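Visitor: I'd like to walk through this one with you. Where do we start?

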Amino acid sequence: MAVQPRVPMREQNPAVRITNFMSVPLGYSSEEAVTEAKRCLQCKVPMCETGCPVRMSIKDIIKLIADEEFEKAFYLSKADNAVPAMTGRVCPQEDQCEGKCVLDKTGQPINIGKLFAFVADWARKKDILEQIPEESNGKKVAIVGAGPAGITCSVDLRKLGYEVTVFEALHMAGGVLQYGIPAFRLPRDVVDYELSYLEKIGVDIQLNKVVGQNVDFEVLKKEYDAIYLATGAGAPRFLNCEGEKLKGVYSANEFLIRVNLMKAYKFPDWDTPIICGDKVGVIGCGNVAMDAARCAKRLGAKEVSILYRRTKQCAPARAEEIHHAEEEGIIFKEMISPCRIFGNEDGWVTGIEMVKTEFKGTDKSGRPRPVNVEGSEFILEMDTIINALGTTPNRLFLSNVPELDTYSWGGIKVDDNYMSNIPGVFAGGDALSGGSTVIDAMGNGRDAAEAIDKYLNNP
Ligand SMILES: Cc1cc2nc3c(=O)[nH]c(=O)nc-3n(C[C@H](O)[C@H](O)[C@H](O)COP(=O)(O)OP(=O)(O)OC[C@H]3O[C@@H](n4cnc5c(N)ncnc54)[C@H](O)[C@@H]3O)c2cc1C
């Protein structure tokens with residue numbers, strides 16, 4: 001029997017969406033979701049589930065959607081995933097669940113991410129909530145950081161009856177979901193609603209609390225039975241090249257925090273200024289680079305270029321995001337690497353010197369290794385440069401806890417049970433990996449919750 005083609009996702013027109021920060025995909029209707037779910041072959045051995053770090057019951061959820069049992073589908077997704085509307089939108093499904101779908105061989109895997117976002121959106125509109133027993137088991141766990149790892153660990157522990165307090169440095173919970181990923185990929189009403197679930201099930205979220213600064217780590221150790229460190233990797237990696245300190249050169253973190261968390265795109269209605277010139281160069285080709293480039297376009301830049309030392313086929317950014325960026329007119333300048341940034345006498349950036357690259361061999365990750373082509377330097381005129389080279393773990397907390405074992409690059413060392421060298425202090429997410437994905441951080445959070453539960457029951 002011929003396989004039906006994937007139900008296409010309706011999207012905002014590129015010419016319109018570069019003038020706003022509203023969601024690019026418009027979401028499935030109930031009819032579209034049911035038709036898409038009915039394409040699922042209901043494999044005996046659902047390979048899609050092996051690709052999911054939080055172990056969602058993908059096959060059964062899709063069957064429930066196909067049978068129009070949306071409420072049951074929602075409860076089943078929520079059993080393993082605290083924030084399905086968000087992961088449905090931002091997970092790299094093409095490398096995970098959808099990449100393992102049998103139909104991927106036809107180029108048309110089941111649109112699992114969009115189906116899960118549909119179910120969660122349906123439940124949000126009806127304000128349907130999972131009921132969690134209120135009783136406490138008398139034990140207290142502190143979680144440091146309210147990003148995907150901290151959120152997931154807090155929900156799983158709360159479901160097991162622990163009293164959970166999450167300490168978050170910023171004035172809003174969510175970590176990168178809130179301050180990094182722009183609203184046109186992750187609408188803020190979706191973020192706010194999914195995060196409000198934490199408080200509804202009794203997780204205590206303490207905002208503006210920086211552990212190691214206005215909250216003493218020693219006090220936490222005395223007051224809580226266990227601690228989970230989920231402080232992320234919010235510090236930028238620098239280019240370390242001449243001209244990096246010129247005005248008009250941003251790290252992607254600073255640029256995106258100003259835009260997303262501090263609503264610079266609503267200036268002057270909001271107080272955060274942002275300067276984004278006509279010609280913007282973004283260094284790097286990951287999700288962070290795509291987000292920065294697409295934000296710059298929406299802030300009115302006339303020409304936004306991705307400057308990348310490989311080709312976009314080797315890029316770490318999600319295929320969907322590269323496709324959306326291209327539709328929005330982002331220019332990809334491939335096989336070039338930055339040498340130095342230069343500016344005018346007032347200290348403002350005016351351009352960047354790049355060198356051409358060629359591939360020679362492969363690196364540790366198996367990707368082709370780019371090397372500079374001697375004498376091929378050239379200049380690109382730019383008035384804004386955004387460095388999206390990647391991130392490293394936040395040092396603010398780490399520098400205040402010298403007894404915690406870390407790698408030289410800042411990652412926290414843990415054993416097979418996610419416990420650090422300090423007994424009862426666990427860690428997870430980007431604080432361990434130095435930068436990964438939302439769902440991997442959530443998978444870490446789930447595993448750590450299990451490990452913390454075992455530790456507290458058999459100390
Ligand atoms: C711009 C951008 C786009 C991305 N796009 C994608 C994508 O499309 N898909 C995908 O899967 N992944 C994406 N990622 C990666 C993904 O977001 C991260 O892997 C994930 O958020 C890591 O989760 P986490 O909980 O470990 O850390 P974070 O999300 O970084 O959360 C850590 C939290 O800890 C808080 N904190 C830090 N120190 C302290 C302290 N001392 N006291 C209290 N709180 C503290 C921080 O304020 C922060 O809220 C993107 C990342 C960025 C930056």
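Guide: With a definition: helices (H or I, at least four residues) and strands (E, at least two) are DSSP runs, numbered from the N terminus. In those terms, Thr-152 lies in helix α9 (residues 148-159).

Visitor: Is this a predicted model, and what are the ground rules?

Guide: This is a predicted model: local features need pLDDT of at least 70, and side-chain atom pairs count only at pLDDT 80 or more, while totals for chains, interfaces and linings use all residues. Residues are numbered from 1 along each chain as its sequence is written, and side-chain values use heavy atoms, with hydrogens and water left out.

Visitor: Back to Thr-152, buried or exposed?

Guide: Thr-152 counts as buried, at 3% relative accessibility. Buried means under 20% relative accessible area, exposed over 50%, and partly exposed in between (1.4 Å probe, protein chains only).

Visitor: What does Thr-152 touch?

Guide: Leaving out residues up to four places away in sequence, Thr-152 touches Met-442, Gly-445 and Arg-446. Contact means heavy atoms within 4.5 Å.

Visitor: And how many residues apart are Thr-152 and Ala-233?

Guide: Thr-152 and Ala-233 are 81 residues apart in sequence, and their C-alpha atoms are 17 Å apart in space.

Visitor: Zoom out. How many helices and strands?

Guide: The protein has 18 helices and 16 strands. Its radius of gyration is 23 Å, close to the 23 Å that the globule rule gives for 459 residues, so the protein is as compact as a globular protein of that length. The radius is taken over C-alpha atoms, and the rule is 2.2 Å times the number of residues to the power 0.38. Along the principal axes, the C-alpha atoms fill a box of roughly 65 × 65 × 50 Å.

Visitor: What about burial and contacts overall?

Guide: Of the 459 residues, 56% are buried. Among contacts with a separation of 6 or more, 69% are between residues 24 or more positions apart.

Visitor: Now the sheet. What is the strand order in the open sheet of five strands?

Guide: The order is β6-β14-β7-β8-β9, with parallel pairing. Two strands pair if DSSP finds at least two bridges between them. β6 (249-251) and β9 (331-333) are at the edges with a single partner strand each, so one side of each has no neighbour in the sheet. The twist averages 25 degrees from one strand to the next; axes are lines fitted to C-alpha atoms, for helices over the stretch in contact, and angles run from 0 to 180 degrees between N-to-C directions.

Visitor: How many bridges join β6 to β14?

Guide: Three bridges join β6 to β14 (residues 384-387), in parallel. One partner pair there is Ser-251 with Asn-387 in β14.

Visitor: Which helices pack there?

Guide: Helix α13 (residues 252-261) lies across β6 and β14, at about 85 degrees to β6. Helix α14 (residues 287-298) packs on the sheet and touches β7 (279-283), β8 (303-307), β9 and β14, its direction making about 170 degrees with that of β8.

Visitor: And β7, how many of its residues are buried?

Guide: Four of the five residues of β7 are buried, so to speak of it as mostly covered is fair. β7 pairs with β14 over four bridges and with β8 over five, both in the parallel sense. Val-282 has Ile-386 of β14 as bridge partner, and Lys-279 has Glu-303 of β8.

Visitor: Which way do the β14 side chains point?

Guide: Thr-384 and Ile-386 point one way from β14, Ile-385 and Asn-387 the other way, and all are buried.

Visitor: Change of topic. How many aromatic pairs?

Guide: The structure holds nine. Rings of Phe, Tyr and Trp (its six-membered ring) pair if their centres lie within 6.5 Å; planes under 30 degrees apart count as stacked, over 60 as edge-to-face and the rest as tilted. Phe-21 and Phe-184 have ring centres 5.8 Å apart and planes at 55 degrees, so that pair is tilted. Phe-21 is in the loop between α1 (14-17) and α2 (30-38), and Phe-184 in the loop between α10 (176-179) and α11 (188-200), 163 residues apart. Both are buried.

Visitor: Any charge over a ring?

Guide: The charged end of Arg-298 sits over the ring of Phe-184, 3.8 Å from its centre. Lys-140 lies over the face of Tyr-224, at 5.0 Å from the ring centre. The criterion is NZ of Lys or CZ of Arg within 6 Å of the ring centre and within 35 degrees of the ring normal.
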